[in-house]
Amino acid sequence: MTGVGDGSPIAWDEAVAAVHAAGRAAAAPPVRLPIADCDGLTLAEPLVSLTDLPAFPTSSVDGYALRGAGPWRLNGRVLAGHTAEPIADGTAIEIATGAMVPAGTEHILRVEESTLDDDLVSGTPRSLPEWREPGDEAHKGDELLPAGIPVTPAVIGLAAACGYDTLAVRRAPRAALLVFGDELRTAGPPGDGQVRDALGPQVPGWLRRLGAEPLPGFAPRGPIEDTLEAHVGALKDALEHADLVCTTGGTMHGPVDHLHPALAALGARYVVNTVAVRPGFPMLVAQLPDGKFVAGLPGNPQSAIVALMSLVEPLIAGLHGRAVPPRGTVTLGEPVPGRGGYTHLALVRVEADGLAYPLRHSASAMLRGLARSDGFAVIVPGGQGDAGAVVPLVPLPMFFGARP
Ligand SMILES: Nc1nc2c(c(=O)[nH]1)N[C@H]1C(S)=C(S)[C@@H](COP(=O)(O)OP(=O)(O)OC[C@H]3O[C@@H](n4cnc5c(N)ncnc54)[C@H](O)[C@@H]3O)O[C@H]1N2
Ligand code: MOO
């Protein structure tokens, strides 16, 4: 096998950039879908307004459109959804919020600030216009959003408002999960040398939140029998359906770690093979000759999630045609040690004082810290996190669709 990272681990930020670039190069071609089906997908073209917004002068209030000096003779009504005739001098036209303002209107008088006596309207209109002019929000042809941004419900609303029925989007990559490890139990408490599979049940939820499309059923397969044949067979099968297959365990070179030989048997090329990060360094991403990806997550449960956030999140972003997700910063409330020449991804929780505190029970085999965490504080190689230091944060996407 060939590829970046053969031999010694590559730097964490280089690994992030490498998988993102590989994903971007393999991004699916754009498709056109009805706007309501685009939530969580990615704009493949800039959103350009198809119209002025608003498209016509639009009343912001219920009241009377006026022209000339008052009192004004009431001469009709215009409701939202209708076109308006021009207004004659010295007249008032009753107008509803959202209705088209008659041409020639000089003021709109709010209904609660007016009096109507027979057919005569009087009152003092406010000095500021009570309507929105065409183009106040956007002009036809304005670029409202660039290509490559996630389609959120707000984006769908904006697209609808300016006239779109369909959008050019990139589909989400389809992801599958294979769990390796004969020692795993899929039900009940651990014991007798066996541990409970803690990744099969949780990784699909993370993948969904990172923007992958669940394969029908999305059932993680495993544990896969600890033979090379079984690994190759399971990978082939999953790769028939998925653009991205995540595996857990078997990233090292123990007697029953078959991931590397299985990837070699499939003709895969490493995009990244081991990363200078703790925990989780044996993580890898490989690409098959047909362009599909395998992400090898280490078996230690917290390390697997470090690998998801380090490699799988930017890979999925690339496959969507998006930038690497923005990673903010936190201010540390307590010191967080560095890990020598490795990047340290340290579980932290942001407390009520706004500061991020390292969590206990956060060794690579543990999940107790992860379950209380907001994300990973990033301590750069050779550095350390002093209390009060501002450091990057890799946030965990806690809510469904929070970061598609
Ligand atoms: N000689 C060395 N051995 C190990 C090293 C090393 O540098 N030299 N690194 C350790 C590190 S760090 C990690 S991480 C693991 C990665 O190993 P694998 O990816 O090959 O994972 P496994 O050996 O299959 O499992 C490791 C550990 O995690 C438990 N596990 C696996 N899958 C699950 C699961 N789905 N749910 C819960 N727990 C799981 C498994 O039982 C093992 O305890 O290698 C170290 N070894
Ligand atoms: O790097 Mo391992 O992933 O520390 O537990």
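Student: Which ligand 1 atom has a backbone N or O atom of Ala-198 2.9 Å away?

Tutor: Happy to help! This is a predicted model, where local features need pLDDT of at least 70, side-chain atom pairs count only at pLDDT 80 or more, and totals for chains, interfaces and linings use all residues. Residues are numbered from 1 along each chain as its sequence is written, chains are lettered from A and ligands numbered from 1 in the order in which they are written, and side-chain values use heavy atoms, leaving out hydrogens and water. The Ala-198 contact is with a nitrogen atom.

Student: How much of ligand 1's accessible area does the protein cover?

Tutor: On its own, ligand 1 has 860 Å² of accessible area (Shrake-Rupley method, 1.4 Å probe). The part that the protein covers is 65%.

Student: Which residue has a side-chain N or O atom 2.8 Å from a nitrogen atom of ligand 1?

Tutor: Ligand 1 is surrounded by 20 residues (a heavy atom within 4 Å). Among the closest are Glu-183, Thr-251 and Gly-299. The side chain at 2.8 Å from the nitrogen belongs to Asp-197.

Student: And what lies 3.1 Å from an oxygen atom of ligand 1?

Tutor: Look at the backbone for this one. The partner is an N or O atom of Gly-250.

Student: Which residue has a side-chain N or O atom 2.7 Å from an oxygen atom of ligand 2?

Tutor: Around ligand 2 are residues including Pro-279, Phe-281 and Asn-300. A polar backbone atom of Gly-280 is 2.6 Å from a ligand 2 oxygen, and a polar side-chain atom of Ser-303 also lies 2.6 Å from an oxygen of ligand 2. The side chain at 2.7 Å is that of Ser-364.

Definitions and conventions: A polar contact is a pair of N or O atoms within 3.5 Å; within protein, one must be able to donate a hydrogen and the other to accept it, and residues adjacent in sequence count only if both atoms are side-chain atoms.
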